[in-house]
Amino acid sequence: MKILLVFDFDNTIIDDNSDTWIVRCAPEKKLPVELKDSYKKGFWTEFMGRVFKYLGDEGVREDEMKRTVTSMPFTAGMVELLNFIRKNKDKFDCIIISDSNSVFIDWVLEATNFHDVFDKVFTNPAAFDGSGHLTVENYHAHSCNRCPKNLCKNVVLVEFIDKQLQQGVNYTQIVYIGDGGNDLCPVTFLKKNDVAMPRRGYTLQKTLSRMSQNLEPMEYCVVAWSSGVEVISHLQFLINK
């Protein structure tokens, strides 16, 4: 019986947002105003598609993008946390559910040698096309009205757990480690034994703390963190229980 660890990527594993970090590749490290203004709430992936097209049109190539993405810093204590999980893979399954894209996440995990820590990565599929432009697609279609239209992390989590059950894998508990507004939906799926671990000072933590002040029913336990080292001590507590 294992514990399932679910990670967000941007501002959780890495200490920034990969989609805004890539703008460092743009001329003068900024986007034209009309491109910036073209973003519509809930349609971030389409917006990023236009950003990648703009970068490609400006002559930004794959190797430059890769150098930029792999220069993103890890969040404090995250390297220690991922090494801890690797040493204890007999006790944990570990997945990423992220609104970034498959190319960026691959690059980071490959550059830092952490691919083996994660059993699965669920994110928007991306690839370079024939003309060297990075293209990105929505991860899936869903009917959840709380989430951006390209990705409901709750749907992904529920589907993953159902598939695992069909394979005879049943988790003793789920630990969800994230930071953002789009991590709230999967956190509401958590049950009595589960743990939500929001990053301190970020949207998810503020929202959960507001919910508990309003006495909204929450079966799961909430443990905020600032460094991956704090996550390690909570995981040690769980496996030694």
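Asp8 touches Ile13, Ile97, Ser98, Lys153, Ile177, Gly178, Asp179 and Asp183, residues up to four places away in sequence not being counted. The model in which these contacts are found is a predicted one. Asp8 sits in the loop that runs between strand E1 (2-7) and helix H1 (18-21). Its relative accessibility is 5%, and because buried means under 20%, Asp8 counts as buried. The side chain of Asp8 also forms a polar contact of 3.3 Å with the side chain of Thr12.

## The annotated active site

In an unreviewed entry, UniProt places the feature "active site" at Asp8 and Asp10. Of these residues, Asp8 and Asp10 are included in the lining of the largest pocket. Asp10 is likewise found in the loop between E1 and H1. With a relative accessibility of 10%, Asp10 counts as buried. Leaving aside neighbours within four places in sequence, Asp10 is in contact with Asp16, Asn17, Ser18, Ser100 and Asp179. Asp179 thus appears among the contacts of Asp8 and among those of Asp10.

## The annotated binding site

A second UniProt annotation, "binding site", again from an unreviewed entry, covers Asp19 and Asp99. These residues are spread over 81 residues of sequence, yet they cluster in space, with a largest C-alpha distance of 9.4 Å. The lining of the largest cavity takes in Asp19 and Asp99 from this set.

Asp19 lies in helix H1. Its contacts, apart from residues up to four places away in sequence, are Trp44, Met48, Phe52, Asp99, Asn101 and Phe104. Asp19 is buried, with a relative accessible area of 5%.

Asp99 is found in strand E2 (residues 92-101). Leaving aside neighbours within four places in sequence, Asp99 is in contact with Asp19, Thr45, Thr123, Asn124, Pro148, Asn150, Leu151, Lys153 and Asn182. One of these residues, Asn124, is joined to Asp99 by a polar contact between side chains (2.9 Å). Asp99 is buried, its relative accessible area being 15%.

The accessibility values of several residues discussed in this report are set out below.

| Residue | Relative accessibility | Class |
|---|---|---|
| Asp8 | 5% | buried |
| Asp10 | 10% | buried |
| Asp19 | 5% | buried |
| Asp99 | 15% | buried |
| His234 | 14% | buried |
| Cys25 | 7% | buried |
| Cys221 | 33% | partly exposed |

## Helix H6

Helix H6 covers residues 102-112, and its buried residues are Val103, Phe104, Ile105, Trp107, Val108 and Leu109. An α-helix has 3.6 residues a turn, so residues three or four places apart point the same way. The N-terminal end of H6 is capped by Asn101, which has a side-chain oxygen 3.0 Å from the backbone nitrogen of Val103. Asn113 follows H6 and has a positive phi, near 70 degrees. Two of the residues named here, Asn101 and Phe104, are also contacts of Asp19.

## The nonpolar cores

Which residues of the largest nonpolar core touch the most other members? Among its 53 residues, they are Phe7, Leu55 and Met65. Not counting residues up to four places away in sequence, Met65 touches Ile22, Cys25, Phe52, Leu55, Val60, Phe104, Trp107, Phe128 and Leu134. Apart from this core lies another, of 21 residues, among them Leu4, Ile97, Leu151 and Met211. In soluble globular proteins, nonpolar side chains tend to be buried together. Phe104 and Trp107, which Met65 touches, are among the buried residues of H6.

## Cysteines

How many disulfides does a search of the whole structure find? The search finds zero. Cys221 is in no disulfide, and the nearest cysteine sulfur, that of Cys94, is 18 Å away. A disulfide requires two cysteine sulfur atoms within 2.5 Å, so this separation does not qualify. Cys221 counts as partly exposed, at 33% relative accessibility. Cys25, by contrast, counts as buried, at 7% relative accessibility. Cys25 is also one of the residues that Met65 touches.

## Helix H10

His234 lies in helix H10 (residues 228-240). Is His234 buried or exposed? At 14% relative accessibility, His234 counts as buried. Not counting residues up to four places away in sequence, His234 touches Val195, Met197 and Val223.

Note on methods: Residues numbered from 1 in each chain as written. Predicted model: local features only at pLDDT ≥ 70, side-chain atom pairs only at ≥ 80, totals over all residues. Heavy atoms only, no water. Buried < 20%, exposed > 50% of the residue type's maximum accessible area, 1.4 Å probe, protein only. Core = buried A, V, L, I, M, F, W, Y, C linked by side-chain atoms within 4.5 Å. Contact = heavy atoms within 4.5 Å. Helix = DSSP H or I, 4+ residues; strand = E, 2+ residues; numbered from the N terminus. UniProt positions renumbered as here; feature names shortened; annotations may be inferred. 1 Å grid on protein atoms, 1.4 Å probe; cavity = no way out; pocket = protein on both sides within 12 Å on 5 of 7 lines; lining within 4 Å. Polar contact = N/O pair within 3.5 Å; in protein donor to acceptor, adjacent residues only side chain to side chain.
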